[in-house]
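Me: I would like to learn how to read the features of a protein model, one at a time. Could you take me through this one slowly?

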Amino acid sequence: MRIFFSPASPYVRKVMAVAIELGLDGRIEKLPSAVSPVMRDDTVARLNPLGKVPTLITDDGEALYDSRVICEYLAALAGDGRILPPAGPARWRALTEQAMADGMLDAALLTRYERMLRPAERQWDDWEQGQLAKVEAGLAEIEARAPSFGDRVDLGTIAIVCALSYLDFRFAHLDWRVRAPRAAAWHAVLDARPSLAATRPVDPNKPK
Ligand SMILES: N[C@@H](CCC(=O)N[C@@H](CS)C(=O)NCC(=O)O)C(=O)O
């Protein structure tokens with residue numbers, strides 16, 4: 001399998017962490033990408049009309065996206081029932097937590113694109129505030145749920161770690177730990193797990 005990859009993408013991180021958990025990472029070759037909402041990467045866009053990463057090319061040559069579909073595909077390939085429980089309340093909980101974490105990321109990313117890509121005179125503060133309100137509400141929900149997470153490792157908790165780490169990576173000024181101390185303690189433990197430690201975000205533009 002091959003995956004269009006970015007070392008900074010939290011969605012790619014989620015997929016790669018899941019692949020490591022499932023023992024499938026060695027079967028996935030990383031392909032470079034240069035995606036952006038204002039400058040499409042034609043190589044990616046030829047396979048995924050949305051022009052986004054992650055996009056996975058299966059051994060059968062099928063292009064799969066987005067990260068949620070890829071994670072479900074990898075779980076099915078591995079015959080896994082732990083990362084994505086096959087049925088029942090554990091499945092709906094993992095999928096809902098993934099949707100919440102990915103939604104926080106969608107909002108954070110829109111904010112970042114607004115600030116990094118839109119010309120300064122066209123930027124809209126209310127837009128940023130609206131998106132960051134989603135991030136904050138998600139953070140409050142994670143803090144409320146944190147005592148129940150325990151040592152559960154599934155698609156929901158992996159997605160949440162990726163979302164919180166992305167805040168560290170691109171929104172350090174939000175200082176989320178101050179408002180979510182229980183989530184912070186939980187995050188520190190799960191983020192040190194090999195699958196997540198090996199996939200921490202890296203800014204491709206910063207010297208190593
Ligand atoms: N819902 C998608 C989101 C993927 C996404 O937004 N990826 C970003 C990189 S972190 C991207 O490709 N951005 C380029 C664009 O928006 O055109 C997923 O879960 O895979």
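**Reading pockets, strands and single residues**

Reply: Let us begin with the second largest pocket, which is lined by 15 residues, and of these Phe5, Met16, Lys30, Ala198 and Thr199 lie nearest its centre. A pocket is found on a 1 Å grid over the protein atoms alone, as an open set of points where a 1.4 Å probe fits, with protein on both sides within 12 Å along at least five of seven lines, and a lining residue has an atom within 4 Å of a point. Please keep in mind that this is a predicted model, in which local features need pLDDT of at least 70 and side-chain atom pairs count only at pLDDT 80 or more, while totals for chains, interfaces and linings use all residues. Residues are numbered from 1 along each chain as its sequence is written, and side-chain values use heavy atoms, with hydrogens and water left out.

Me: What is the volume of the largest pocket, and which residues are the closest to its centre?

Reply: A volume is the space filled by probe spheres set on the grid points, which are joined across faces, edges and corners. For the largest pocket it is about 1,300 Å³, and among its 42 lining residues the closest to the centre are Val35, Ser36, Pro37, Leu109 and Tyr113. The second largest pocket holds about 160 Å³.

Me: Which helix gives the most to the lining of each pocket?

Reply: Helices (H or I, at least four residues) and strands (E, at least two) are DSSP runs, numbered from the N terminus. In the largest pocket α4 gives the most, with nine residues, whereas in the second largest pocket the largest share, four residues, comes from α1.

Me: How are the strands of the sheet ordered?

Reply: In general, strands of a sheet pair through backbone hydrogen bonds, either parallel or antiparallel. Two strands count as paired if DSSP finds at least two bridges between them. Here four strands form an open sheet in the order β2-β1-β3-β4, with mixed pairing, and its edge strands, β2 (29-31) and β4 (63-64), each pair on one side only. Strand β1 (residues 2-4) runs antiparallel to strand β3 (residues 55-57), with three bridges between them, and Arg2 has Ile57 as its bridge partner in β3.

Me: Is Asp154 buried or exposed, and which residues does it touch?

Reply: A residue is buried under 20% relative accessible area, exposed over 50% and partly exposed in between (1.4 Å probe, protein chains only). Asp154, in the loop between α5 (125-149) and α6 (155-170), counts as buried because its relative accessibility is 2%. Touching means contact, with heavy atoms within 4.5 Å, and Asp154 touches Arg82, Ile83 and Ala94, not counting residues up to four places away in sequence.

Me: Why is Leu50 exposed?

Reply: Leu50 is exposed because its relative accessible area is 53%, and its place is in the loop between α2 (42-47) and β3. Although Leu50 and Asp66 are 16 residues apart along the chain, their C-alpha atoms are separated by 9.4 Å.

Me: Where are the cis peptide bonds of Pro54 and Asp66?

Reply: The angle to read is omega: a cis peptide bond joins Val53 and Pro54, with omega about 0°, and the bond from Tyr65 to Asp66 is also cis, with omega near 5°. Pro54 has its place in the loop between α2 and β3, while Asp66 is found in the loop between β4 and α3.
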